Amino acid sequence: MTTPATSRTPGRPRLLLVDGHSMAYRAFFALPDTMATTSGQVTNAVYGFTSMLTKLIGDEQPTHVAVAFDVSRRSFRTERYPEYKGTRSETPAPFKGQVPLIKEVLEALRVPALEREGIEADDIIATLAGQASAAGMEVLVCSGDRDSIQLVDGDVTLLYPVRGVSELARYTPQAVADKYGVPPHQYPDLAALVGETSDNLPGVAGVGPKTAAKWVAQFGGLDALLEHVGELKGKAAQNLREAVDQVRLNRELNALLRDVELPLGPDDLALRGFDREAVHRISDALQFGALRDRLLAVDPEAAHDASAPAEAAFELDVVDLPTGGLGDWLAARGERAVGVDVSGRGTPAAGDAWGVALAEGGQAVALDLAEIAPDDERALAAWLTDAARPKVLHGAKAAWHGLASRGLTLDGVVFDTELAAYLCYPDQRGYDLGDLVARHLGRELGADDDGAQGALDLALDAAGSRGAREAARAAAVVDLSDALAGQLADRGAAHLLTDVELPLSWVLARMEATGIAADTAYLTELESGFAAQVAHAAGEAYDAIGHEVNLGSPKQLQEVLFGELDMPKTKRTKTGYTTDAAALAELFARTGHPFLEHLLAHRDASKLRVTVEGLLKSVQPDGRIHTTFQQTIAATGRLSSTEPNLQNIPIRTEAGRQIRRAFRVGEGYETLLTADYSQIEMRIMAHLSGDAGLIEAFRSGEDLHRYVGSRVFGVEPADVTPEMRSKVKAMSYGLAYGLSAFGLSQQLGVTTGEAQGLMDDYFARFGGVREYLDGVVEEARATGFTATVLGRRRYLPDLTSDNRQRRQMAERMALNAPIQGSAADIIKLAMLKVQTEFDARALRSRLLLQVHDELVVEVAPGELEAAQEVLRAQMGAAYPLDVPLDVSVGTGDTWHAAGH
DNA sequence: TGCGATAGTGT
DNA sequence: CCACACTATCGCAA
């Protein structure tokens, strides 16, 4: 799978030795110090170093690796010559802070980090290089220190950074001779004459590399040169005679030690494969995105396992069933849970499945659906659909779609390892089976070759191991389910899997498979309309400044606005000044420049056009759009929607609402019906806080914001002005996000003082809310997690971070997670109840979409009243709160018309 | 080709 | 300097 970039003598071990400090230091200066996590930890050195090491491991395919570090600046060289490296400035603090991070990365990669007091990294490398080549190993030294050139020989190659750390020059004996005119072992002689500014070793005046090389070559070495120094003529020679002592000292200092005592020898440096869990942990912490994947892709252990049969790692008997033998095999499994792995594409209405692997009790079978015998296929179909036959899958919803494409239905799934892992670790980025298996079972499945959404297992079997990988996955799912079931129980979350997420995954599968009807003719019209607006606005904008620019390029816009037009600077971004809509509107208010007006119009129209284009592209042959609901993405427990995202279809502007008219009731159905919870998050806040005032607000039936406004401003509800109402509305919603006075002032366009006053007044009336919010953070800090009404946890270790930014971010998450998460719990329960009730009443009406607090249903003829009744009743009774759950419903031919 | 930064849409 | 998402585009880097 991974091809070595350079050929390697088969069987000959190759040792990679890296000078940690010099490479990290180069990365530090090569990469911008704006490179940081959202919480402010600068990561340029650790990122650059890790990236460089990743590339080296991938390209050079070493069998052994070690990284050497300097412990401090003091060494035997500074003892001998206090001025050594004396010109170097103080190591920058942002660099020092990253060294421990680099060591953490190395630990995750299981690469030894070597260091010794009083010894420099180069000496450690020199020693190991000597030992390794004596042992017959090939050696690669990666260092930015030129002293390392002396190590180069037939067995040892130096990789020296040219620019930054991304490009490395290969110093072989020939390359050194070509560049410096002396063989590598004489390079220190040359350097002693020329001097090394970075080490504060002065050279001989008037002697550069050319002269030095000539002399060294002429006399065959520095010692001989110094013996015959009297014979030389010229100014440079005179200078040399005066500097002999310094030259001898230089030579003494630039000689690398080759006999440092070390705890590890070359044989101990074998690359053993990464600790993948640790790689994920540190990548999460440092917010490595692509680098994480590159890193995992060069994991030697994973690469090894991909080429070797995975079942070799543990006991698994891949049974070669006789034709027609599947029924008996399945019958023999009895009531025991069977692991199922489906190969194919798990996308709604466009899925496919070409293989199924089953595993139980150390035995596995792999089936090719294209070649399966009719008897076996019948046995498989009957077994898959039998609710009494327990199954365990990783990502059952995707498997459901894949199998559905073959007319196979899946039932009796008792555990889904992907959902379980999500419930245990909701903040994780992904739940790749191979990674989970490595983390929880300490076993390797081999790198997953496709992380694409909805992709099942796309592995093709290598000859001779038919279905082995699939079988190994199926077996791993069973073992993993045991491990995760224990962890779920520890977290009190087992019921969330069995009572909520798992049954919900079938509801979602049906919704996705159903899709929502789209009016393509109308969408096409809309698209051309928006396109015309885009073109018109662009033309006007160009006229306003007298030339064309790419209006979609913030960079070019900045040149126009702040260069050409010399407008006042807006808020800073990482790379310049923002050109977002709020800033442009502000600029327009101040300058009145027509370009801004047309630019804003262009932005709006072009956003809408692109949205429409995306929708058009996603209409399937059945005339419907089938989104995929992601059930394991949002850390709070919400769903998300992809390909396309139907949870962010415009609604605020009239032009945007036009797009909602393209979502129509399907042929053979009566109407669309939408039902949404009003102010569900504030109701949860009232419930969780127990604030008497807020609870009364909801029980009174008065408009919430009017009621709150009347209390905060001390007026009758009827006298609450729209301005007052919008202020308390912003305040109320902001609370659930951990709003600050500054944030509120920004939102409302008032001073921070006014915002603070509003907050004080608010909390004076609704003190229970403040107590609750304070309590949430305090409890989360003590327990390490927040919990929703159903006990869904979110772990927030940063609540005790020393870093203020990180801590405050975690505090806001702690405020928001129980509220957003409880709302997610409640609508999930509602969906289950609605579906159950539809089924119980044998209604043909069907759920289509969920948009966080809204459900969209397609109503079958004659069922409108029943469907409305089901939605009102089941959503309203989804979960008992201390305040009523208000549900409002609407109907219409389009999503727009059905909305409220 | 892939990725980070920017922008904009929703709840 | 207010939470949680997804997608598109640009421009740079590998």
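A polar contact is taken here as a pair of N or O atoms within 3.5 Å, and in this predicted model Asp853 provides one such pair, with a polar side-chain atom 3.1 Å from a sugar or linking oxygen of DNA strand B.

**DNA strand B**

The protein surrounds DNA strand B with 20 residues, the closest being Thr579, Arg638, Asn648, Ile651 and Arg652. This surface divides into six nonpolar, seven polar and seven charged residues, and of the strand B atoms within 4 Å of the protein, 82% belong to sugar or phosphate, with the rest belonging to bases.

**DNA strand C**

Around DNA strand C there are 31 residues, of which Ser553, Tyr737, Ser740, Gln747 and Arg812 come nearest. The surface near this strand is made of nine nonpolar, 17 polar and five charged residues, while sugar or phosphate accounts for 72% of the strand C atoms within 4 Å of the protein and bases for the rest. Helix H24 (554–564), strand S16 (640–642), helix H32 (741–748) and helix H35 (804–840) each supply at least two residues of the surface near DNA strand C, and H35 gives the most, with five residues.

**Side-chain contacts with the DNA**

The table sets out individual pairs between side chains and the two strands.

| Residue | DNA atom | Distance |
|---|---|---|
| Thr575 | phosphate oxygen, strand B | 2.8 Å |
| Lys607 | base nitrogen, strand B | 3.3 Å |
| Asp853 | sugar or linking oxygen, strand B | 3.1 Å |
| Ser640 | phosphate oxygen, strand C | 2.9 Å |
| Asn645 | sugar or linking oxygen, strand C | 3.0 Å |
| Ser740 | phosphate oxygen, strand C | 2.3 Å |

Key:
Residues numbered from 1 in each chain as written. Chains lettered and ligands numbered in written order. Predicted model: local features only at pLDDT ≥ 70, side-chain atom pairs only at ≥ 80, totals over all residues. Heavy atoms only, no water. Near = heavy atom within 4 Å. Polar contact = N/O pair within 3.5 Å; in protein donor to acceptor, adjacent residues only side chain to side chain. Nonpolar A, V, L, I, M, F, W, Y, C, P; charged D, E, K, R; others polar. Helix = DSSP H or I, 4+ residues; strand = E, 2+ residues; numbered from the N terminus.
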